[in-house]
Amino acid sequence: MGLLWTVSKLVAQTVGVLVAETYGAKYLAGAHPALHATLWGPSTVAAMLPRAYGLVALVNVVGAAFAVVALGLKVGAARTECGVDLPAMYATGTDARSVRFNCVQRGHQHALESLPALLAASMVGGVRYPVSVAAFGLLWIKARFAWAQGYASGDPKKRYASKWGFFIWTSLVGTFTACGAVGLEILGVL
């Protein structure tokens with residue numbers, strides 16, 4: 001129905017996930033205090049951070065970095081296979097090898113373009129919603145590989161061939177919404 005509708009739907013889904021984490025944490029505090037303390041209790045490194053914030057660091061920072069490196073290695077392999085020498089970022093020409101290389105490169109480049117926003121939103125949103133933000137990070141990683149694999153086919157239209165490819169946007173909107181919610185909480189609006 002359009003971009004506004006799609007974004008609104010993603011934000012609504014994300015709010016549902018964040019509310020579920022909030023109430024789940026409150027439920028665990030009463031029903032299973034030890035488990036609650038393990039996830040949302042203060043960290044021994046920084047008392048203002050919940051222990052589950054470690055998941056954000058491991059998944060959204062370390063995991064996403066490894067994902068981007070792995071996609072970069074695929075570009076290196078395609079560079080050799082398609083005969084595209086450095087320092088050329090993209091192949092010139094319209095032959096099948098040039099198109100294929102450019103598609104592999106674009107899959108990697110697109111991940112690099114969204115990584116800084118994912119990292120920034122994860123670092124802030126994960127302070128309050130560490131489990132949800134780490135789950136969005138896992139989703140981003142899985143979706144990135146699926147999207148890049150479809151793109152690497154040599155047909156850019158196949159970047160969404162796997163349903164997982166669409167979850168790039170769900171994961172980004174999820175981390176942005178968590179970050180926004182933390183900002184609103186700091187301002188006293190929520």
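1. Let's start with Ala37, which sits in helix α2, the stretch covering residues 33-40. Since this is a predicted model, please read every value here as computed from predicted coordinates. Ala37 has a relative accessible area of 37%, so it counts as partly exposed. Its C-alpha lies 9.6 Å from that of Ala25, with the two positions 12 residues apart in sequence numbering.

2. Stepping back to the overall fold, the protein has 6 helices and 0 strands. Its pattern along the sequence is accordingly α-α-α-α-α-α. The C-alpha trace spans about 65 × 40 × 30 Å along the principal axes. Of the contacts with a separation of 6 or more, 65% join residues 24 or more positions apart.

3. Next, burial and surface. The protein has 190 residues, and 39% of them are buried. Its accessible surface is about 10,400 Å², with carbon and sulfur atoms contributing 71%. As for charge, there are 15 positive and 7 negative charges, and the mean positions of the two sets are 7 Å apart.

4. One surface feature you may like to display is a nonpolar patch made of Leu3, Val7, Val11, Val15, Val19 and Tyr23. Together these residues offer about 520 Å² of accessible area. Val7, one of the members, belongs to helix α1, which runs over residues 3-31. With a relative accessible area of 34%, Val7 is partly exposed.

5. Is Phe136 buried or exposed? Its relative accessibility is 7%, and because the cut-off for buried is under 20%, Phe136 counts as buried. This residue is found in helix α5, residues 130-151. Beyond its neighbours within four places in sequence, Phe136 is in contact with Thr14, Val17, Thr170, Ser171, Gly174 and Thr175. Phe136 and Asn60 are also worth viewing together: they are 76 residues apart in sequence, while their C-alpha atoms are 8.3 Å apart.

6. A backbone detail to check on your screen is the peptide bond from Leu86 to Pro87, which is cis, with omega near 10 degrees. For context, most peptide bonds are trans. Pro87 lies in the loop that joins α3 (53-82) to α4 (96-128).

7. How many salt bridges does the structure hold? There are 3. In one of them, the side chains of Glu81 and Arg100 meet at 3.5 Å, N to O. Glu81 lies in helix α3 and Arg100 in helix α4, so this pair ties together parts 19 residues apart in sequence. Glu81 is partly exposed at 48% relative accessibility, and Arg100 is also partly exposed, at 28%.

8. Another salt bridge pairs Glu113 with Arg106, at 2.8 Å from N to O. Glu113 is partly exposed, with 45% relative accessibility. For Arg106 the relative accessible area is 23%, so this residue counts as partly exposed too.

9. The remaining pair to look at is Arg128 and Glu185, a salt bridge whose closest N and O atoms are 3.0 Å apart. Arg128 is in helix α4 and Glu185 in helix α6 (residues 167-187), so the bridge ties together parts that are 57 residues apart in sequence. Arg128 has 31% relative accessibility and is partly exposed; Glu185, at 27%, is partly exposed as well.

Conventions
Residues are numbered from 1 along each chain as its sequence is written. This is a predicted model: local features need pLDDT of at least 70, side-chain atom pairs count only at pLDDT 80 or more; totals for chains, interfaces and linings use all residues. Side-chain values use heavy atoms; hydrogens and water are left out. Helices (H or I, at least four residues) and strands (E, at least two) are DSSP runs, numbered from the N terminus. Buried means under 20% relative accessible area, exposed over 50%, partly exposed in between (1.4 Å probe, protein chains only). Contact means heavy atoms within 4.5 Å. Accessible areas come from the Shrake-Rupley method with a 1.4 Å probe; for residues, only the protein chains shown count as cover. Lys and Arg count as positive and Asp and Glu as negative; His and the chain ends are not counted. The place of a charge is taken as NZ of Lys, CZ of Arg, CG of Asp or CD of Glu. Patches are made of residues with over 30% relative accessible area and no salt bridge: like charges are joined within 9 Å, nonpolar side chains (Val, Leu, Ile, Met, Phe, Trp, Tyr) within 5 Å. A salt bridge is a side-chain nitrogen of Lys or Arg within 4 Å of a carboxyl oxygen of Asp or Glu.
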